[in-house]
Amino acid sequence: MHGLMQQRPLLLSGLIDHAAAYHGDREIVSHMVDGSIHRSDWRSVQQRAKRLANALARLGVEPGDRVATLAWNTHRHLELYFGVSGMQAVLHTVNPRLFPEQIAYIVNHAEDGYVFFDISFAATLAELAPQLGRVKGFVAMCERAQMPDVPLPHLLCYEDLLAQASADCEWPVFDENTASSLCYTSGTTGNPKGVLYSHRSTVLHSFLACAADGLAVSARDSVLLVVPLFHVNAWGVPYAGAMCGAKLVLPGPHLSGENIYRLLRDERCNFSLGVPTVWLGLFDYIERHRDSLDLSQIVLKRLVVGGSAAPRAMIQKFEELFGAYVIHAWGMSETSPLATIGTPLDKHRDFSLQQRYDMQARQGRAIYGVEIEIFGEDGQPLPHDGKAFGDLKARGPWVASGYYRADADAVDDQGWFPTGDVATLDADGFVQITDRSKDVIKSGGEWISSIDLENAAMGHPEVQEAAVIGVAHSRWQERPLLLIVAKIGARPTRESILNFMSGKVAKWWMPDDVVFVDTLPHTATGKLQKLILREQFRAHPLPTDEVAIGRGA
Ligand code: ADP
């Protein structure tokens, strides 16, 4: 027997219409590419998204067609989020930090018909244009007076397109399983792969972002969206923000510590989201200007850190600087991305701060909608004892089942998606990500977690950033090598770092050597590029390896 409830499809157009109707004057603030601050609101985003939908239809964009963006976080990019998907086309957010060849590969693979771009990317696109044979037009996201002078074929102006189109548009109603947006994983190995979200998966994911034990985004929040709109739909917050009418503050390309600080202060942001590396920049700025800053002007109370492990020292620092609670979350493009979220349980109420930081340093628990499990090499589930580590798999209605234009399913016959991460699960269901499976250090048949070691090193007051990789060892197969970027003006020694770490990690996990470097390589989404580091330090002779030392001598 079927229930007797209405079958209204879950469509993204419903989110923006709701935001316009009930939170129309809630602000959308953008720090534009030219440095100016632009103020808009949800009503204006809806009206302009409707104009955009009409403009796209005039350009011949049809349901299912892919429309690409190469753009920063601004109100125009937000308008594209709703205008493109709302008219039943597919928004393809391209990560502009990828190498030009990768950009060309994914624009061609997605068969994008139009590319909307911020003028900072005009020169890159002009160079790539001859390789982008299928693109019918390039739209500069600016006013007529700001149009870039570059040899791009079929160059159009965003503000002209909108001015010429009517805001009179009834959103089409269609199957909620229709594709809404497309995002390629950065593909540290092999070619990037396209994750294709649907209207249904995105709306369900938004409910979760708004749930109290999700990200608890609400109408009372002023959200600094540091995570880019080109990185897994900015973790779903543009949609969740429309669902609940949050104020969104969009930093454009201005992601320095100083700019983040200013926006937090001037827009009274109480909530923010971003990968660990951007917060290091904020801390650095605060440390250097501590005497002239009045930190009581910052009302930040919650922030989500994910994309890479949030070091315990970072969690502690946010608490000490602003009294802000770090929600440590884990996920990936293929999980939309929210999968596990570190909100506390009632039993944590009486925890000391130190105990609480330990809890927060794990990546949280599965939220309703995502099932997770860890599996051993024999394919059997492992105990949830916080010790056994194995392959982490996930399934649920906002987890990918396959990749765009790929032949095979991405899931096994039980519906599990293998995340490529290695993790432990404890009795409460808290996940601890040990490593990406390819980054795990295998020493004498046992595994060492590079993330744990990095975390311990990051607690040292003179360490800016740390990376740990496995280096070949004639006796142990692999042993950990610690690479350190020191804070500006600091000169930590090998001994002080190792002394600091000892007692914080198992003795046999301690790095065999420490190397100081000026910078560490990051991927387009801010993760440490360990593949490059492993290449670079492949022949590094560990002082504990007599054979290697003998070779070097
Ligand atoms: P890309 O490879 O394109 O950067 P994703 O953003 O999808 O792709 O990256 C997902 C991966 O990032 C996860 O599989 C995991 O390895 C890592 N990751 C994400 N969040 C965390 C976290 N909180 N702690 C540790 N690793 C994380």
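Two strands, E14 (325–331) and E20 (431–436), each supply at least two residues of the shell around the ligand in this predicted model. Strand E14 gives the most to that shell, with four residues. The shell counts 18 residues, of which Ser186, Ser333, Asp421, Thr525 and Lys527 come nearest to the ligand. Sorted by class, the surroundings of the ligand consist of 10 polar, five nonpolar and three charged residues.

Several polar atoms of the protein can be placed against particular atoms of the ligand. The backbone of Ala329 puts an N or O atom 2.8 Å from a ligand nitrogen. A polar side-chain atom of His328 also lies by a ligand nitrogen, at 3.1 Å. For Lys527, the partner is an oxygen atom of the ligand, 3.2 Å from a polar atom of the side chain. How much of the ligand does the protein bury? Taken alone, the ligand exposes 570 Å², and the protein buries 95% of that area.

Moving from the ligand to the strands, E10 (residues 222–225) offers a neat example of a strand covered on both faces. In a regular strand, side chains alternate between the two faces of the sheet. In E10, Ser222 and Leu224 are on one side, Val223 and Leu225 are on the other, and all four are buried. Strand E10 runs parallel to strand E11 (residues 247–250), and three bridges join the two. Within this pairing, Ser222 stands opposite Lys247 of E11. Three bridges also join E10 to strand E12 (residues 271–274), again in a parallel arrangement. Here Leu224 has Ser272 of E12 as its bridge partner.

Lys247 of E11 appears again among the charged contacts, where Glu27, Arg39, Lys247 and Glu267 are linked in a network of salt bridges. The model holds 32 salt bridges in total. In one of them, Glu79 pairs with Arg48, with the closest N and O atoms 2.7 Å apart. Because Glu79 belongs to helix H3 (residues 75–86) and Arg48 to helix H2 (residues 42–58), this pair ties together parts that are 31 residues apart in sequence. Both Glu79 and Arg48 are buried.

Helix H3 takes part in another such link. The side chains of Glu159 and Arg76 meet in a salt bridge, with an N to O distance of 2.8 Å. Glu159 lies in helix H6 (residues 158–164) and Arg76 in helix H3, so that distant parts of the chain, 83 residues apart, are linked by the pair. Are these two partners buried or exposed? Glu159 counts as buried because its relative accessibility is 15%, under the 20% limit for burial. Arg76 is buried as well, with a relative accessible area of 7%.

A further salt bridge brings together the side chains of Asp428 and Lys347, at 2.8 Å from N to O. Both residues sit in loops: Asp428 between strand E19 (417–425) and E20, and Lys347 between strand E15 (338–341) and helix H13 (353–361). The pair links distant parts of the chain, 81 residues apart. Asp428, at 28% relative accessibility, counts as partly exposed.

Helix H9 (residues 237–244) is largely enclosed by the rest of the structure, because eight of its eight residues are buried. Among them are Val237, Pro238, Tyr239, Met243 and Cys244. Just after H9, Gly245 takes a positive phi of about 75°.

Some loop residues also deserve a look at their backbone geometry. Which peptide bond is cis? The bond from Ser336 to Pro337 is cis, with omega near 5°, and Pro337 has its place in the loop between E14 and E15. Ala216 shows a positive phi of about 55° although it is not a glycine. This alanine, Ala216, is found in the loop between helix H7 (199–210) and E10, and Ala216 is partly exposed, with a relative accessible area of 25%. Arg405, another residue other than glycine, has a positive phi near 60°. Arg405 lies in the loop between strand E18 (390–395) and E19 and is partly exposed, at a relative accessible area of 47%.

Key
Residues numbered from 1 in each chain as written. Predicted model: local features only at pLDDT ≥ 70, side-chain atom pairs only at ≥ 80, totals over all residues. Heavy atoms only, no water. Near = heavy atom within 4 Å. Polar contact = N/O pair within 3.5 Å; in protein donor to acceptor, adjacent residues only side chain to side chain. Areas by Shrake-Rupley, 256 points an atom, 1.4 Å probe, with all protein chains shown as cover. Nonpolar A, V, L, I, M, F, W, Y, C, P; charged D, E, K, R; others polar. Buried < 20%, exposed > 50% of the residue type's maximum accessible area, 1.4 Å probe, protein only. Pairing = 2+ DSSP bridges. Salt bridge = Lys/Arg side-chain N within 4 Å of Asp/Glu carboxyl O.
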